Amino acid sequence: KINEIEHRLYLDLLNTLAKEVGVIQKNAIALAKLDVLCGLSVLALERNYCKPEINLGYSLHIEEGRHPVIETALKAGEIYVPNDLFLSNDEQQIMVITGPNMSGKSAVLRQTALITLMAHMGSFVPASAAMIPLTDKIFTRVGASDNLNAGESTFMVEMIETASILNNLSARSLILLDEIGRGTSTYDGISIAWSIVEYLQKSAHRPKTLFATHYHELNDLEGQLKRVHNYHVTHKEVGNKIIFLRKLAKGGSTHSFGIHVAKMAGMPNELVDRANTILHEMELKNKEHQQASP
């Protein structure tokens, strides 16, 4: 009898819940939204975020922007170096960003995307001030990947994704491109990267674009194309060491310091010394070739 009573009570409870399932789901959705909003509020207070201004214009202006994830992972005592950024369809449409490896170029791209996205979802953002234009799409081509199952190399995936961006952009799009063309030969890569910047600049939509690259040849575009401006991530050389200042500044960089980064990563000294020797030999040959050319 006890089992029968428990079974009936259980069935009555299920019937009651079934009748009220709609109300329960609505309450669960409301609590979930409240939880997200409370979480964003606490984060904004703890991390000193600012209230962004969403507008119908076409200019993006971020003052002292920070990467919301990287700054939380810093060691005790470390301070995230903030950066100002300005993009406009009419004035500064494309920023070509050069600088040493590991200097923070990709972080600038990523934090710009995250700040724009956070503003559109109703969150405060990691910056001292932010004016964000209404953005319909955030296109990114950052990082390396391949699709071996489909027989696609890293370079092929890079080209497919870049083609998708170029074929679907609009005047309200934000485009972030990192090291486009690095998966092929140097001259091919430079040619592709150069043509992409030209295509974006000549596009009737004039999409706002951040283009990080190691191809210093792209610095020449600033003098040839309107709305294309050079920037670099600063560094300081102290003896044989490099200190990354992680600050965005106007003007292009002419060095990548790849060998220095290899040394920082723990490569054997013998290997690093040999790489420096080969680099100097190649630079000398290139200089002699340029002098011999008519």
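**Exercise 1. The four-stranded sheet**

Which residue in β5 does N55 stand opposite? Starting from this pair, describe how the strands of its sheet are arranged.

*Solution.* The model under study is a predicted one.

Step 1. In β5, P133 stands opposite N55.

Step 2. Place the pair in its strands. β1 and β5 run parallel and are joined by 3 bridges.

Step 3. Turn to the other pairing of β5. Strand β2, residues 59-65, pairs with strand β5, residues 129-133, in the antiparallel sense, again through 3 bridges. Within this pairing, E63 has A129 as its bridge partner, and I62 has A130.

Step 4. Assemble the sheet. Its 4 strands follow the order β1-β5-β2-β3, the sheet is open, and the pairing is mixed. Strands β1 (53-55) and β3 (83-88) each have a single partner strand and stand at the edges, so one side of each is left without a neighbour in the sheet. From one strand to the next, the twist averages 15°.

A general remark applies here: the strands of a sheet pair through backbone hydrogen bonds, in either a parallel or an antiparallel sense.

**Exercise 2. The six-stranded sheet**

In what order do the 6 strands of the open sheet that begins with β6 follow one another? Identify the edges and examine one pairing.

*Solution.*

Step 1. The order is β6-β7-β8-β4-β9-β10, with mixed pairing in an open sheet.

Step 2. The edge strands are β6, residues 137-141, and β10, residues 241-250; each of them pairs on one side only. The average twist between one strand and the next is 15°.

Step 3. Consider the pairing that involves the edge strand β10. Strand β9 (residues 228-238) meets β10 in the antiparallel sense over 7 bridges. One position in this pairing is H232, which stands opposite A249 in β10.

**Exercise 3. Helices across the sheets**

Which strands does helix α3 lie across, and at what angles does this helix run to β2 and to β7? Treat α5 in a like manner.

*Solution.*

Step 1. Helix α3, residues 105-120, lies across β1, β2, β3 and β5, and runs at about 110° to β2.

Step 2. The helix α3 also lies across β4 (94-98), β6, β7 (173-178), β8 (208-212), β9 and β10, with an angle of about 160° to β7.

Step 3. Combining the two steps, α3 lies across strands of the four-stranded sheet and strands of the six-stranded sheet.

Step 4. Helix α5, residues 186-202, lies across β4, β7, β8 and β9 and runs at about 170° to β8.

**Exercise 4. The second largest pocket**

What lines the second largest pocket, and which residues are the closest to its centre?

*Solution.*

Step 1. The space in this pocket comes to about 300 Å³.

Step 2. Its lining consists of 13 residues, of which I70, L74, Y80, V81 and R246 are the closest to the centre.

Step 3. By class, the lining residues are 7 nonpolar, 4 polar and 2 charged. The element that gives the most to the lining is α3, with 3 residues.

**Exercise 5. The overall form**

Why is the protein described as more spread out than a compact globule?

*Solution.*

Step 1. The secondary structure comprises 7 helices and 10 strands.

Step 2. For 294 residues the globule rule gives 19 Å, and the radius of gyration of the protein is 26 Å, well over that value; the protein is therefore more spread out than a compact globule.

Step 3. Along the principal axes, the C-alpha atoms fill a box of roughly 105 × 50 × 45 Å.

Note on methods
Residues numbered from 1 in each chain as written. Predicted model: local features only at pLDDT ≥ 70, side-chain atom pairs only at ≥ 80, totals over all residues. Heavy atoms only, no water. Pairing = 2+ DSSP bridges. Axes fitted to C-alpha atoms, helices over the stretch in contact; angles between N-to-C directions. Contact = heavy atoms within 4.5 Å. 1 Å grid on protein atoms, 1.4 Å probe; cavity = no way out; pocket = protein on both sides within 12 Å on 5 of 7 lines; lining within 4 Å. Points joined across faces, edges and corners; volume = space filled by probe spheres on them. Nonpolar A, V, L, I, M, F, W, Y, C, P; charged D, E, K, R; others polar. Rg over C-alpha atoms; globule rule 2.2 N^0.38 Å.
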